[in-house]
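Student: I'd like to learn how to read a ligand site and a few backbone angles. Could you walk me through an example?

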Amino acid sequence: MTIITRYVIMQTLMLNTLLGFFSQDMGIDLGTANTLVFVKGKGILIREPSYVARHKRSGSVLAIGSEAKLMAGKTPEAIEAIRPLRDGVIADFDAAEAMLDYYIKLVHQHSPWVSRVPRPRVIVGIPSGVTEVERRAVQEAAIEAGAREAYLVEEPMAAAIGAGLPIDEPQGQMIIDIGGGTTEIAVLSLGGIVLNKSLRIAGDELTEAIIHFARVKYGLLLGDASAEEVKIAVGSATADPSHKELQTVVRGRDLGSGLPKSLKFSASEVREALSPTLQSITRAVMDVLEETPPELVADILQHGITMAGGGSLIRGIDKMIAEETKMPVWITDEPMAAVVRGCGKLLSDDRLLRKVKVGARLR
Ligand code: ADP
Ligand code: MG
């Protein structure tokens, strides 16, 4: 190594350290439905739907997050509003990269004290189903967006850490994270994933089940957003007396006349619509439990199954899984933020990060 190269390396290192000092380290949950950003020392600063709106021809990005979601289904021919992550895989890499880039820069723009040239450390939660090529691509996108170091953590691991589970101990833990596009079911022990199932059935399918139900039973055409509202307003997994009386009014289009029509949906009929999809999720949980080594099953029986993700907010879903598995089930506080909180915790725990990160660090 010549003296000049050594000098250049030294200078780069010093500059990186200096810029790093002014940067805000970030944890990012790149979810299929929502993207959340945790900034070290500050908490969760961004919660936005994972949507990107762009020009079809030129690919130039028009909006990201809620603004882009509002455009979905209402775009003229030349514009598309897409979800870069569908079914737990990166369906559109350019759009995913645009999202990462936008949020990393956004966080740095907001603070007057921080360098406008961001060099943060970034930890990204990714679905466990993504391929090696996709992982590298996400890491490179973070570096491209200005990250000084980029690490990846699998979502079930991040969710378990976010839920405060002692994942580092010789003790089996089961986590079920029901997101928009995927349900991740994982058994963890000693800081690693022992077993893992990534099911492409989650919140989106529950919403679709309501659309299907409205069309078949009432000849009513519902949009995604209206069906999701019904799910959130009255959706349930068990016939608990407390949600028996729930009702909601939904607006759609009558398939026969083509005119707008409003209808009242009750909790029990929505439950009937959701039931087959919820059963598929329970079946997958049972499959994972069957494959789990008996020692770990005993641990899970003792400590219970932990649930996270927006899908765990369906009323009574914990009770349903508890009845099927004969195990205690609990939902973590603020389940939609578990993954990003986990990434956030890892920003201040290097030892644990080294243990749970996937692949090599990129810088
Ligand atoms: P992802 O990690 O894939 O981005 P999230 O964990 O953010 O997904 O969860 C999003 C899913 O949770 C969506 O399908 C949404 O409809 C659903 N969801 C959010 N809130 C509720 C609720 N209160 N009841 C039922 N489902 C909900
Ligand atoms: Mg998620």
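Tutor: Gladly! Keep in mind that this is a predicted model. Let's begin with a polar contact, a pair of N or O atoms within 3.5 Å. Here an oxygen atom of ligand 1 lies 2.5 Å from an N or O atom in the side chain of Glu 228.

Student: Which elements give two or more residues to the shell around ligand 1?

Tutor: They are α6 (203-218) and α7 (224-234). With three residues, α7 gives the most to that shell.

Student: Which polar contacts involve Ala 33 and Asn 34?

Tutor: For Ala 33, look at the backbone: one of its polar atoms there is 2.7 Å from an oxygen atom of the ligand. For Asn 34, look at the side chain instead: an N or O atom in it is 2.7 Å from a ligand oxygen.

Student: How much of ligand 1 does the protein bury?

Tutor: Start from the free molecule. Taken alone, ligand 1 exposes 580 Å², and the protein buries 89% of that.

Student: And how many residues surround ligand 1?

Tutor: There are 17, and the closest are Thr 32, Ala 33, Asn 34, Glu 228 and Lys 231. Sorted by class, the shell holds nine polar, five nonpolar and three charged residues.

Student: Where does ligand 1 sit?

Tutor: Ligand 1 occupies the largest pocket. To place the ligand relative to the domains, ask which of them supply its shell. Domain 1 (3-158 + 339-356) and domain 2 (166-331) both give residues to the shell, so ligand 1 lies between them.

Student: Now the backbone. What should I expect of phi?

Tutor: The general idea is that most residues other than glycine have a negative phi. Leu 190 is not a glycine, yet its phi is positive, at about 50°. You'll find Leu 190 in the loop between β12 (183-189) and β13 (192-199).

Student: What is phi like at Lys 326?

Tutor: Lys 326 has a positive phi as well, near 60°, and it too is a residue other than glycine. Look for Lys 326 in the loop between α10 (317-325) and β18 (329-331).

Note on methods: Residues are numbered from 1 along each chain as its sequence is written. Chains are lettered from A and ligands numbered from 1 in the order in which they are written. This is a predicted model: local features need pLDDT of at least 70, side-chain atom pairs count only at pLDDT 80 or more; totals for chains, interfaces and linings use all residues. Side-chain values use heavy atoms; hydrogens and water are left out. A residue is near a molecule or strand if one of its heavy atoms lies within 4 Å of it. A polar contact is a pair of N or O atoms within 3.5 Å; within protein, one must be able to donate a hydrogen and the other to accept it, and residues adjacent in sequence count only if both atoms are side-chain atoms. Accessible areas come from the Shrake-Rupley method with a 1.4 Å probe; for residues, only the protein chains shown count as cover. On a 1 Å grid over the protein atoms alone, a cavity is a set of points where a 1.4 Å probe fits but cannot get out, and a pocket is an open set with protein on both sides within 12 Å along at least five of seven lines; lining residues have an atom within 4 Å of a point. A molecule sits in a cavity or pocket if more than half of its atoms lie within 2 Å of its grid points. Helices (H or I, at least four residues) and strands (E, at least two) are DSSP runs, numbered from the N terminus. Ala, Val, Leu, Ile, Met, Phe, Trp, Tyr, Cys and Pro count as nonpolar, Asp, Glu, Lys and Arg as charged, and the others, Gly among them, as polar. Domain bounds come from an automatic or database domain assignment.
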